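This report describes a protein chain from its overall form down to single strands and one helix. Please keep the sequence and the model at hand while reading.

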Amino acid sequence: MGDTTLLLGQTLGFDGDPFADGPAAARHHTHGGVLIRDGRIADVGDGATLRADHPDARVIDHGAALISPGFVDAHVHYPQTAIIASWGKRLIDWLNSYTFPEEARFADPDHAAMIAARYLDLVLANGTTTVASYCTIHPASVEALFTAAQARGMRVAAGKTCMDRNAPDDLRDTAQSAYDDSRALLRKWHGVDRLSYVITPRFSPTSSPDQLQALGALWAEHPDCLMQTHLSEQVDEIAWVRSLYPQARDYLDTYEAHGLLGANGLYGHAIHLEPRERERLAEVDAALIHCPTSNTFIGSGLFDMAGLMAQGQRIGLATDTGGGSSFSMLRTMAAAYEVGQLRGHALHPAQLWWLATAGSARALRMGDRIGTLAPGFEADLTVIDLASTPAIAQRAAQADDLWQALFPTIMMGDDRAIAATYVAGRPVASVK
Ligand code: GUN
Ligand code: ZN
């Protein structure tokens, strides 16, 4: 039997979907415990009972703090770490002014390694233990992220961003090289340790039909891989897609026609969808990724969470670093709440927390391994101080139940609320 650790504190996980079942989908223990063995959760339950049953376990007492599954960020661009919070542009100008010049720097493997390490340390400090990341067109940018994730023991999904048009000279590949490089990276990294390869055409405007076709073929050869791209983020972008693909029925059809619509597809933003697109996405059970801080920061629009959930769509939550304005999934939950309010639906704290953990894990098809507290699940955890600032503490002090205690941290919390983070059962050194 391996080394056993017992974490004590409040515990919060989900054994259902609070969009379907309400807050009752949550499993909360006020004086709970999470037993960890060999990097996995061995048991979850009443803390005193677990302690009595496992007298040899090493005990780490987190007091009144909340032990949660680590956050799962379902759409990020780690190469945009250094240009987060860049002022004043909308999507296409923002890409040309800020994003592409920074992504060109990833031709230098040392720069890629430095930013990959910086990025993963930042997200761990924010309680995020899994991300699905775009890299740049450079294979070395994928090597850098996977190497850094491997060193930290993290479950990370990522892929080489493919672009063969409408991008600067030094940021373009070709249909053939995108296929070859993606395939080589996939073969090297997919399924190694906790890493998985994601086939990554950036979006239809920066790929020729030939490139989309080539990546569709690669996906057909490796259907267990995820595929990630962008869909219907801004109105101007949609008009551009229409002019580039005049034969397509709609934006989604540019992917569908080239073999890039499927159950393992992740479609970022998905704000301005046509009825046909919504129906097809639901029919194939693809995942839509909501990026609320990005959608307000770049001025993209208001995601229809309530309408899409009512349609039975699979939905994840994401920062979209660095179009998104924060590395924190707490801030991202707050933005999702605010966007919901603007659309006339107040998301319940249980729904927000589920989206940031089990919901995003389910979107990434990892819902059987991460995202909740249950025996057999990987012990990626974040421990939340529910009174991390005076403003939050005075509000939480008046709470009558868990959700009232949690909501001030959702709305006002940041990395100061992260008391500890565990990756595969091991505490992350840099977090308090
Ligand atoms: N669409 C295509 N590329 C990007 C990107 O890097 N960020 C965002 N927000 N949207 C995109
Ligand atoms: Zn994105």
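## Overall form

In this predicted model, 56% of the 432 residues of the protein count as buried. The protein contains 16 helices and 16 strands. Its radius of gyration is 21 Å, close to the 22 Å that the globule rule gives for 432 residues, so the protein is as compact as a globular protein of that length. Along the principal axes, the C-alpha trace spans about 65 × 45 × 40 Å.

Contacts that bridge long stretches of sequence are a further feature of the fold: among contacts between residues at least 6 apart in sequence, 73% join residues at least 24 apart.

## Domains and annotation

The protein is divided into domain 1, made up of residues 4–70 and 371–427, and domain 2, which covers residues 71–363. Taken over C-alpha atoms, the centres of the two domains are separated by 28 Å. Where they meet, 31 residues of domain 1 are in contact with 32 residues of domain 2.

On the side of domain 1 that touches domain 2, at least two residues each are supplied by β1 (4–14), α1 (18–21), β4 (58–69), α16 (402–412) and β15 (418–423). Of these, α16 gives the most, with six residues. By character, the residues of this side of domain 1 divide into 17 nonpolar, eight polar and six charged.

An unreviewed UniProt entry carries the annotation "domain: Amidohydrolase-related", which covers residues 67–428. The end C-alpha atoms of that span lie 14 Å apart, and the span is 44% helix and 17% strand.

## The open sheet

Seven strands form an open sheet with mixed pairing, in the order β3-β2-β1-β4-β14-β15-β16. The strands β3 (40–46) and β16 (426–427) stand at the edges, each with a single partner strand, so one side of each is left without a neighbour in the sheet.

At the β16 edge, two bridges join β15 to β16, and these two strands run antiparallel. Valine 423 stands opposite arginine 426 in β16. The strands β1, β4 and β15, which belong to this sheet, are also among the elements that supply residues to the side of domain 1 touching domain 2.

## Strand β6 and its partners

Which residues of strand β6 (residues 128–134) are buried? The strand is mostly covered, with seven of its seven residues buried.

Strand β6 pairs with strand β5 (residues 71–77) in the parallel sense over five bridges, and the bridge partner of valine 76 in β6 is serine 133. Five bridges also join β6 to strand β7 (residues 155–159), and this pair likewise runs parallel. Here the bridge partner of tyrosine 134 is glycine 159 in β7.

## Helix α16

Helix α16, which gives the most residues to the side of domain 1 that touches domain 2, also has a run of buried positions, namely Ala405, Leu406, Phe407, Pro408, Thr409 and Ile410.

Against which elements do the buried residues of α16 pack? They pack against three helices, α13 (329–342), α14 (349–363) and α15 (390–396), and against one strand, β14 (381–384). Strand β14 is itself a member of the open sheet, where it stands between β4 and β15 in the strand order.

Conventions:
Residues numbered from 1 in each chain as written. Chains lettered and ligands numbered in written order. Predicted model: local features only at pLDDT ≥ 70, side-chain atom pairs only at ≥ 80, totals over all residues. UniProt positions renumbered as here; feature names shortened; annotations may be inferred. Helix = DSSP H or I, 4+ residues; strand = E, 2+ residues; numbered from the N terminus. Domains from an automatic or database assignment. Contact = placed C-beta atoms within 7 Å. Nonpolar A, V, L, I, M, F, W, Y, C, P; charged D, E, K, R; others polar. Rg over C-alpha atoms; globule rule 2.2 N^0.38 Å. Buried ≥ 20, exposed ≤ 12 C-beta atoms within 10 Å, placed from the backbone. Pairing = 2+ DSSP bridges.
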